[in-house]
Structures are given as structure tokens and as C-alpha cells.
Amino acid sequence: MSVARITLAGVQIEGNLLAADMTAELLAGNVKGQAPEDFGFTRTDKLADEIAIAWGDAKAYWAAFQRQLDRLDADDTATSVTRELWVVPLLRSLGYSPAYTAKAEVVEGQTYAISHRAELGENKPPIHIIGCRIKVDHRPPSGTPRLSAHALVQEYLNKTEHLWAIATNGYRWRLLRDSSLMTRLTYIEFDLEQILNGENFAEFGLFYRLFHRSRLPEGVDDADKCLLEYYHQEALQQGGRVRDRLRDGVEKALIQLGTGFLQHPSNDNLRQKLAAGTELTDIGYYRQLLRLIYRLLFLMVAESRNLLIGDDVEKARIYREYYSIERLRELAERPHWRREGFQDLWQGLRVTFLLFDENWRGKHLGLSPLNGDLFGSYTLPALFEQGGFNCVLGNPPWERIKLQEKEFFASQSAEIANAVNKAAREKLIKELPKKNPELAQAFEEAKHDAEAQSKFIRESGRFPLTAVGDINTYAVFSETVRNLISPQGRAGVIVPTGIATDDTTKKFFSDVIKQQSLVSLLGFTNWDFIFPGVADRFTFGLFNLAGKKEQFAEPLFVYHCHYISDLKQESRYFKLFQKDIELINPATLTCPIFRSEQDAKITRKIYFNAPILINDKTGYNPWGASFMRMFDMSNDSHLFSSDKTSKSLPLYEAKMFSIYDHRHGLYTEEMIDSNQNDFRIIPSPSLEQKQNHNFLVTPRYYIHEQAVNSKLGEKWKRNWLLCFRGISLAVNERTAIFSILPKVGVGNSAPVVLTDIQDVKLLSCLLANCCSLVFDFVARQKIGGANFNFFIVKQLPVLPPELYTLEDIKFISDRVLELVYTSWDMQPFAKDMGYDGEPFIWNPNRRALLRAELDAYYAKLYGLTRDELRYILDPADVYGADFPSETFRVLKNNEIKQFGEYRTQRLVLEAWDRMFK
């Protein structure tokens, strides 16, 4: 039996972690996991009694906590008091044994100081507790730590195998889930301050039923089987059903309204026009009906969110009682109003629509005119006879057209969604018609819809610039908006910054630049949750365009704003001429991502002194370089094996290597034996293992050497490879990660660099160039998302072979050899370098010195000054802490924590001073 939805104080559900109407079902105990034994009690125990006991405990802890809080200084964040007197005791009452985590965990070069675990053990669910005087979703004004408590836990979940976690400041308690596939911010929040002070026992009961230890996973391995995950999957399935019902409802409304209008005795004129098919065609009638339905839906949503009228209570009452769709719906649902032959409700609805037209009839009620494609009387043909709209504003959807199998089945079949790899998933899908014909049919229909949309977008001719690659709706809308404005018009849309930086939008953006249509692009990172429903790392921008008669030769740019107030900071703004973009990204004309004019100035200088690696337009390619994705981890998974044979080679993934380090990460036996197939992080070898010349990292899979030889063919004959990580971020410790590997199989996340240069010592200079800080500084200006795409790498500034003197090659190759040759499996590379000795000892201090010398040397080769190198290392050291630009902040912070200083900065500048002063 279902229970009606109830209103709860102090409870907030953002996103789709939990269906809103499930709260009543949970309180009534009508869903799975709500029996006493599900909480670890005996069957004879009463859950209500246990909740009442916890309620009493909570009020006692709360009183003691509040007393102690009153004694603290005003500037005390109250972290210890919050943890020791309130949160930890309450967690114990909920079945936890909280274990304090003294040491911050490092994941992909970032530190995560998660305060506690549910119990002792790193695989136990994370619980992060901060002081009650710090907001859970705001970063402290000091800037330390680097993220808010919510953002820190969310990012940690996204980068690790943990699925669920708790973040709290004592007042607000949030349940968070891994949301790496989402852009929306999602959480379940209970305001215990409001609940306790308001004596809201029912809300506390719901808190108990969701936050009790038995709700969360035992550990990492069973995360997908916990009760919270079950409730979440139920919410996803319910969401799908709601969308289906809405679509079905629109379909039915079209039929009922269309039939009703045609059958009405007074509508002879309508029937005649439709029959003649001249003034009114079938499609025209359909569009009018659809417009009517969307008007109704728009007003229903706007009314439910109180968006139409401001704070005037009397005007709101008049609108609600005499004009609202809410009133119409109430009247229509009353049986005695269902009378034939009367039109008063329909005529009343027409009056409501007129309140929003361009004549501003609703002015006296404080209603604004909504005179667009929806309420205005302006027809599109007449509008375009005048050249188009004067102004178009919008926030278009940001969705991929292509159906994602894993995402589709996430709410339909956990077995298919969590299949080991793509080959296994496809096998299960092929079996669906026999095992689950309804789901098979639903999948085929969804796939057909996606393919039909894609076909229309690609072949209609309406989107010549954005119907490219993996189509995203925001790009298609952006091209449409540009075409809708008049020659003197303006358009402003909120879209991901990929509109200016991504490969799939390069044709569109380059045309915008060539036609001088871009007015400005004001870019934000959602650090401060300007959009509460979007993840904190997501980047978006205000993309402003002008009509064809308005040209802007110097568009204005801002990137990486965290707050709206950042737009007032003049040092953030920079201008780019078309010639600047042609210099920096000549092949694609995509936009670099600078944080300040100084970033742009130094980057321009670098590009004046060094050409790009490969220019596809001119054919310039001095290194004879090309790229290869050797094996696709999904499509080629049938070639992989967990068993090692005499003829097999390791299959490397990007996370297994780092800069000058082919033994950066490995898989443990437990990881290999588990059913998990997507490890975001893997452990690193110990220093003792790194210093063992015979030590080899263990991969997850092996592949037959013949498959590797077949892929390389005649293109590469050496027994080692040059690779780079294809997934990276501009905010990581380092962005461009290049390394020499033994001859191995390599997954698609680590492309192989092929070159026809035969001199291996000269090739070592190419590696050193790509590992330099200056090169990385530029790479950070190019990456707008997480993909280090080929088009980005091709357009990075790389010193050509002819620039190097014999002295340069000697200096660089000697150091590269020592950094690369640290184990016997790299002997083929050492021999090709003309070295036949033993591997070099892995000495961290010595390696840091060698890398610093190479960084300083390449800064000089790029033609930079010491001050420019100093800026690249740390802009704040040159212009002060308030300067908006940052380069290697994560590297700096990590080294200060590890060494008590920014060691790289000191070593690089000391090397410069030794060599060039």
C-alpha cells in the first residue's frame, strides 16, 4: 500500500539520489530494509523504540554540545567540539564505530583529508566532519582547505572506489554518492539543528532510517549492494517512469484536445480550414496544439515554483484565484463542471494567456510579458522577414545525443550496467530478447530515437558547423541561436566552455572567430556552486555573439572565475586578436584558456619562439610524429587475459606510468581477483621496490605479443615506446604526462607517439621537451575538460630537431637516460642510447635535481627570462596572493606538505642561476 507524499521540515533532496515520495514509504516501513532485523536488532525488537532511544541520546548530546559551543571564542571553528561532543557520539548511537583518519590520502596527486571512516579500515565508508561554524558547501575564506567539505568528499568519491559517504558540520548532515557520470550536484541533507530545536521527531525518524550504519556499504566491495544504493536505483527507475508518463500525457493531450476542438459544434470554420488544407494543414494544426500544451506546462511549472509574481501577496491571490492554471485544473477536476456546450473555462484560459502577451495586459498584476515562440503573436515568418531576433538569451540543454549503454541500463539492469567490459555487456544485451523482451524493446526504441535524432542533425543541413563527432545539444543550440539573431542582433547563452576549446566544436568556433562574431566569453568554474545543481569542477561560460553587421576584432575573455564578483577584477580579462588564435591554435582556431593577460603574453612569446608539433593545415611536421591508440579497453577486451604466458606482454594503462617513470602504478592480486573493472586509482610501488632493478609492475591484463607487433607493424621497430596520458586535467599536479615504456601493449587512455627520427638521443630531447614545466604551462592553457586530445597535443609548442646543438643533445640526453633507465626492462632504450651499463639507482633527491636542471634548460631554449620562468613556477610569487592566475598550485601545495617548501621552485631557479648567470 502506498502512502501519500508528506511535507518534512529540515529535509532536502537534491538530484535523484532518492525519490521524494519514497520518504513517506520509508517512514511507514513499506520499503525494503525497514524491519528491525535490517538494522541489526532482533525480530522482537521494535524499531520505533530504538529510534526513540536514539532521539533521547541526540537531544542529550545536543544540549551538552550547545553548552560547550557557547564557551568558545567567536573565531574558533569549533571543529573539535563538533566532532567529540556531538557528531561522533551521535554516530555511535546510529551503529557506527567512527575511526579518526590522521593522515590525508593522496589520490592522483591531490590530497583528501577525510576526517573519519565508519569503522577502522581504509575500505570503510568515508565520513568527513568539520566544525559547525564552517558551512558544509563553502570553502573557508582562508582558502585552506582547497575545497568545501561537500566538494572534497564528492571529488574523493568520484576518484576512488567508494560509492557513498557522509559530510557534515554537525548542523547539516549530507549523504553523498559517487556522481562522476553526472553534472548535477546530488545529495540528501538533514538539518539537525532545525529538527532538534523544532522537536521534529518524524524527521529524525527518517534521518535514522537513512543514516543508520546498516544503510551504508560494509566496504568498497559490496557498495552496489547496500540499501542506500537500492533506494537510489529505485529512484532512477521511478524517474524513467515519470518521464515516460509525461511523454504519454502529452500524446494523449494532443489527441484529446485535437479531437475535442474538431468535434465542438461551434467549430465549423476550423473543420473547413483543416479539410481544405490551404490555410491550415495537418502539421500546422499539430503545432498549434503543441503550443497550447507547452503553454499549459510552462505556466504549471512557473506557478508551482512561484516564479510569475513577486512578493505582493494580494496580487498573487488575485492571479491564483481568477487566472491561474492551478484554478483551471481544480475546476476541471470537479464532476459538476464537466458540462457539454459551455466555453467559459476555455475563454478564461484565453484571457490568462493574454496576460502574458506583448501588450502587457498583466501589468497590473505584476506579470511580465512572455512575448516569445510561446505567448507572443509575432509569427516566425514575419520575424525572419525582418532579419531575425534582436536578442536571444538562453541556457540550452547540455546532453549527448548518442545513447550511452551503461547509463541506459544503470536504472534498468545492474547486471548489464556493471558488466566487466564492453564485450561482456554486448553479450548480455544480445541475450535480452529471450530473457527480458520488454527491456530489449525499450532499449531498441531508445537507440532508435537517439539514432533518428543524430541522423536528422547530421543530414538535415541545418547544422553544418556543429553536427560533428559525438554531438552535444549545447553545440547545436549555439549554432541555432547564432542563426536566429538579426544582423544587428545579440545573443547570449550559458554553455560549457568546450564551445570554444573542444574538437567537436572547432569548426563552429573558428567560423565565429573568422567572422568576428564573438563579443565575449566569460568563463566560470562552478567552485562556489553558482549553479547549485552542477558539480563544482564543471566549467561553463557566458557566450555572447553579435549579428553579421556587428564585428568584434578584439573579443574579451575571462576564464576560471569562481565567483560572480570575480568579473570585477580587471587583471582577469584578456583580449585575443584573430592573429593570436591563429598563432596558438592555427589548425583548429580553438581558444586557449588563460587566467590573466600575463598568461597570454608569455604564451604568445613561447609560440613566437617555437612552432607547433604538427600543423595539419600546412603539413609541417619536423619530428615526423603521429599518434596511435593501440588497444581499446572496451572494444578489444576479447584480446586481454589475466594470465601471463611466455608469449604475452603487459597491457599498460595510463595510470601505470608518470613523468620519466614507467613503474608508477600497479595492480595487486586482490584487485585482479575482484569483479571490479574500473579502478580509478591504483597503488604505487614502495621506494624499496623502485630501487630494485628487477622489480616490474603488475598489470591488470596481459596481451599476446603478436597482437602488439601487428598493431605497430612497420611504423615502429624499437623495443620501447613513447607514450602520454590521454586523460588529464589542467588543475592536476602535472597535466602533460609523457614517459618511455618497455615494449608493451597499451590501452586507449595512453596513446603512443610514433616518429621517423632515427637518432634516439635526439628523440630523448623530444621526451624532455614534453616533460618540461614550460611545455606543461602551455598545455594547461589548452585543456578545457579532462581529455588531452590529439588536436591539443599537435598544437603545443615543441622545439624542432634542427634547433638542438650537439652540446644541447649531450646535456639533455645524459639526464633523460638516468631518469628513464631505472630497471632492466628499460635496457633496450639504454642500448639504443649507446649505454651498456647497469640501470641507475632510483634516488628521489637526485631525480628532482636532474628534472630541475632540464626544466631550467628548456626555459632558456624557449627564450624565456628568469622572471618569466619564476612566473610560470608561481604567479603569486611575482604578483602577490590575490593575483588571479595560478600554474602549479597543486604541485606547490603537495611539496610544501611533504618537504616544508616549494622544492621544485627552489631547485629550478637555483639551476637557472648556476647555468645562466
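In this predicted model, strand β17, residues 648-652, is mostly covered, with four of its five residues buried. The strand belongs to an open sheet of three strands, which follow one another in the order β18-β17-β21 with mixed pairing. That leaves β18 and β21 as the edge strands, each pairing on one side only.

The two partners of β17 can be taken in turn. With β18 (residues 701-704), β17 pairs in the antiparallel sense, and four bridges hold the register. One of the matches here is L649, whose bridge partner in β18 is I703. With β21 (residues 745-746), β17 runs parallel, and two bridges join the pair. Here L651 stands opposite G745, and Y652 stands opposite V746. Helix α26, made up of residues 705-712, then lies across β17, β18 and β21, and it runs at about 65° to β18.

A second open sheet has six strands, again with mixed pairing, and reads β10-β11-β13-β12-β14-β15. Its edges are β10 (389-394) and β15 (574-575); each has a single partner strand, so one side of each is left without a neighbour in the sheet. At the β10 edge, the partner is β11 (residues 485-496), which runs parallel to β10 and is joined to it by five bridges. Within this pair, V392 stands opposite A491 of β11. Helix α19 (residues 473-484) packs on the sheet and touches β10, β11 and β13 (539-546). The direction of α19 makes about 165° with that of β11.

Helix α19 turns up again around another helix, α21 (residues 506-514). The buried residues of α21 are F508, F509, S510, V512 and I513. What do they pack against? Part of the answer is strands, namely β12 (518-525), β13 and β14 (556-561). The rest is helices: α19, α20 (498-501) and α22 (578-584). Just after α21 comes Q516, which takes a positive phi of about 55°.

Another glutamine, Q781, sits in the loop between α28 (773-779) and α29 (790-794). Is Q781 buried or exposed? With a relative accessible area of 5%, Q781 falls under the 20% cut-off and so counts as buried. Its side chain reaches back to the backbone oxygen of F777, at 2.9 Å. Leaving aside residues up to four places away in sequence, Q781 touches P592, I593, F594, D599 and T603.

Then there is the empty space. Rolling a probe the size of a water molecule over the atoms shows where such space is left. How many cavities of 30 Å³ or more does the structure hold? The count comes to eight. The largest cavity has about 150 Å³ of space, and 15 residues line it. Of these, R595, A730, R780, E886 and T887 lie nearest the centre of the cavity.

Terms used: Residues numbered from 1 in each chain as written. Predicted model: local features only at pLDDT ≥ 70, side-chain atom pairs only at ≥ 80, totals over all residues. Heavy atoms only, no water. Buried < 20%, exposed > 50% of the residue type's maximum accessible area, 1.4 Å probe, protein only. Polar contact = N/O pair within 3.5 Å; in protein donor to acceptor, adjacent residues only side chain to side chain. Contact = heavy atoms within 4.5 Å. Pairing = 2+ DSSP bridges. Axes fitted to C-alpha atoms, helices over the stretch in contact; angles between N-to-C directions. 1 Å grid on protein atoms, 1.4 Å probe; cavity = no way out; pocket = protein on both sides within 12 Å on 5 of 7 lines; lining within 4 Å. Points joined across faces, edges and corners; volume = space filled by probe spheres on them.
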